[in-house]
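Q: Please take a close look at one part of this structure. I should like its extent, its burial and its packing set out in a connected account, with the cut-offs behind each term.

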Amino acid sequence: MSILSSPIFAGYLFIINFAALFLMGTDKRRAKRHKWRIPEAVLFGAALLGGSAGAWAGMYLFRHKTRHWYFVVGMPLILLCQCAAGFWILCR
């Protein structure tokens, strides 16, 4: 059984993607209220830890960070790299 097909890994991906989505929404709410913001490195870190789909969805769901080219290009690129790595691991 591959690590990618384990229920623990699926649970991890669900949690990290939900967390990335939540971080995007929280940062957008804080931005509107002129409060302390979540650092961009934290947003990218959540994506790099496996939450790229949630972060990318959060960008457009909350209309947040969609004018920053490094988010518009970076989030889908991270997701593409993660999908390619997963495909490579499954096909080995």
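A: The account below begins with the whole chain and then turns to helix α1.

This is a predicted model, in which local features need pLDDT of at least 70 and side-chain atom pairs count only at pLDDT 80 or more, while totals for chains, interfaces and linings use all residues. Residues are numbered from 1 along each chain as its sequence is written, and side-chain values use heavy atoms, with hydrogens and water left out.

The protein has three helices and zero strands (DSSP runs numbered from the N terminus: helices are H or I of at least four residues, strands E of at least two). Along the sequence the pattern is therefore α-α-α. The C-alpha atoms fill a box of roughly 50 × 25 × 20 Å along the principal axes. Of the 92 residues, 30% count as buried (under 20% relative accessible area with a 1.4 Å probe, protein chains only; exposed is over 50%, partly exposed in between). Among contacts (heavy atoms within 4.5 Å) between residues at least 6 apart in sequence, 66% join residues at least 24 apart.

Helix α1 covers residues 7-32, which is 26 residues. From its first C-alpha to its last it reaches 38 Å, close to the 38 Å expected at 1.5 Å a residue (1.5 Å times one less than the number of residues). Just after α1, His-34 takes a positive phi of about 55 degrees.

The buried residues of α1 are Ile-16, Asn-17, Ala-20, Met-24, Gly-25, Thr-26 and Asp-27. An α-helix has 3.6 residues a turn, so residues three or four places apart point the same way. The buried residues of α1 pack against both α2 (40-61) and α3 (69-91).

The axes of α1 and α2 come within 7 Å and cross at roughly 60 degrees (lines fitted to C-alpha atoms over the stretch in contact, with angles from 0 to 180 degrees between N-to-C directions). That angle makes α1 oblique to α2, because angles under 35 degrees count as roughly parallel, over 145 as roughly antiparallel, 65 to 115 as roughly perpendicular and the rest as oblique. The crossing is right-handed (the near helix is turned clockwise from the far one by less than a right angle). By class, the contact of α1 with α2 has 16 nonpolar, six polar and one charged residues.

Ser-52, in helix α2, offers a view from the other side. At 1% relative accessibility, Ser-52 counts as buried. Leaving aside residues up to four places away in sequence, Ser-52 touches Asn-17, Ala-47, Met-75, Ile-78, Leu-79 and Gln-82. Asn-17, one of these, is also among the buried residues of α1.

How values were computed
Ala, Val, Leu, Ile, Met, Phe, Trp, Tyr, Cys and Pro count as nonpolar, Asp, Glu, Lys and Arg as charged, and the others, Gly among them, as polar.
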